[in-house]
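Here are a few notes to go with the structure you asked me to look over. Have it open as you read, and take the points in order.

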Amino acid sequence: MPEVRIIAKNFMDMVASMPAMKLDKLYENGFICEAILRSVPPLAKKYVIQMLHIDVPVAAKLLEEWVLPAGVSKHRVAIDRLVQLRVFLEAVDRKNEKTYKVNPTFQRSLQKLLVQGGTLPRESMPSNITVRLPTLENLEAYALEQWEVEKPLNISSSLMKVFQRRILSHRDKEAPKLTESGFQFLLMDTNAQLWYIIREYISNSEDRGVDAADLISFMLELSFHVIGEAYSVDTLTSFQRTIINDLADLGLVKIQQGRKGSWFIPTKLATNLSMSLADSSSRKQGFVVVETNFRVYAYSTSKLHCEILRLFSRVEYQLPNLIVGAITKESLYSAYENGITAEQIVTFLQQNAHPRVAERVPSVPENVTEQIRLWEADLNRVEMTDTYYYDEFPSRDVFEGACDCAREWNGLLWEDSKKMHMVVKTEVHPYVRDYLRRQK
């Protein structure tokens, strides 16, 4: 089973996997095109802007002349990403040479947006109607609260199905239990959890009779709304009204009811939807202190924090605002058996370090982090991973481009630059294979 952490790219991975007809439908919206442009590598942005007003195919050899020899591998990754997203359409001319041109639908929409400007389907409501809008600080607290409070029964049935599908297992007459993915999910930071749930929410949308293209389009559209501004629910279609309630459960928007109607207010989580996971990460105040004797002190009143610490430590007692525990060999072995990795535990402790120790280097004592990894190594002396082995590359440029492609998808496991051999993860093989086919 792939690791839960394979959300490393971002929202655009799901866009790239959509059928050509649905992608072209998405590109009829200029804001979607701008969101796509935001997401691609800098060199890919440059190519799109340079070719935006060119209506004829451009030879692949000519494009390669736009970069210095040292940038050839980045050039190939940029072209590869644009082709995956159907921003560039690949073809072969009469001389049997490869050419590229900007997708006409994407081209028209982005040209119109850049030349004429664009307006969202809805405008924010006047302040005399919405007199009780939350401050930006309160809005951010609300978004985080959706993930911190213990109220799983309040979420919608469609979101509950997402949890039951990958995070919870449920048998008749038995209480729901966390799956291996569920244990890993709890140790993610808020943004990583959000991306994971959104990915699953979109993946099973058609099971609920919802078109994934419409869902992605609405979510990307939300990313262009202004944080803290109110937008009338009456401006939404019936489909969007259903979705907006689910997004409120996820903390992407806050819904308020007034005398003359209701409105939704985008949070920072919503406006970050078109950015990468790394770009959208925001650091919240930590609460954990780990000492060199493996003692753990968590300054928190949250029951959820207590249960998360129980996943990999022995909680000894809990005061109103303090949880005291210890990291032991037995507690870690239990965590490893549930599918939690040492790296996830170390990352969780570092990302949630209390401000009093967060500025230290390291924020978690080195003897503790090393021991956590050593105890895992005792259990995992041999690890089997499904992979693909590549050799016999036609040239070094193709080899380096394939390596960069695998790295871009976080799937390069090993390379021998002298002999031009490489090993990649199974889930990354289709992307590398498609890249190599385009080099023929």
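**Notes on backbone, helix and sheet**

1. Let's begin with Asn96, which is exposed, with a relative accessible area of 64%. The cut-off for calling a residue exposed is over 50%, so Asn96 qualifies. Bear in mind throughout that this is a predicted model.

2. Staying with that residue, have a look at the backbone: Asn96 has a positive phi of about 65°, although it is not a glycine. You'll find Asn96 in the loop that links β2 (88–92) and β3 (98–102).

3. Where else does a residue other than glycine have a positive phi? Go to Asn410, where phi is near 60°. Asn410 sits in the loop between α21 (396–408) and β14 (412–416), and so you meet this positive phi after following α21 along the chain.

4. That brings us to α21 itself. How far apart are its end C-alpha atoms? They are 18 Å apart, which agrees with the 18 Å that 13 residues should span at 1.5 Å a residue.

5. Now for the side of α21 that is hidden away. Its buried residues are Val398, Phe399, Gly401, Ala402, Cys403, Asp404, Cys405 and Ala406. What do they pack against? The partners are α6 (72–84), β14, β15 (421–425) and α22 (429–438). A general point helps when reading such a list: an α-helix has 3.6 residues a turn, so residues three or four places apart point the same way.

6. Next, the sheet. Three strands form an open sheet in the order β6-β8-β7, and the pairing is antiparallel. The edges are β6 (231–232) and β7 (253–258); each has a single partner strand, so one side of each is left without a neighbour in the sheet.

7. Zoom in on β7 and β8 (residues 261–266). How many bridges join these antiparallel strands? There are six. One pair to pick out is Ile255 with its bridge partner Phe264 in β8. As background, strands of a sheet pair through backbone hydrogen bonds, either parallel or antiparallel.

8. Don't miss the helix that goes with this pair of strands: α13 (residues 238–249) lies across β7 and β8. The direction of α13 is at about 115° to β7.

9. One last backbone detail. Is the peptide bond from Val361 to Pro362 cis or trans? Here it is cis, with omega near 0°. To find the spot, look in the loop between α19 (355–358) and α20 (366–379), which is where Pro362 is placed.

Note on methods:
Residues numbered from 1 in each chain as written. Predicted model: local features only at pLDDT ≥ 70, side-chain atom pairs only at ≥ 80, totals over all residues. Heavy atoms only, no water. Helix = DSSP H or I, 4+ residues; strand = E, 2+ residues; numbered from the N terminus. Buried < 20%, exposed > 50% of the residue type's maximum accessible area, 1.4 Å probe, protein only. Expected span 1.5 Å × (residues − 1). Contact = heavy atoms within 4.5 Å. Pairing = 2+ DSSP bridges. Axes fitted to C-alpha atoms, helices over the stretch in contact; angles between N-to-C directions.
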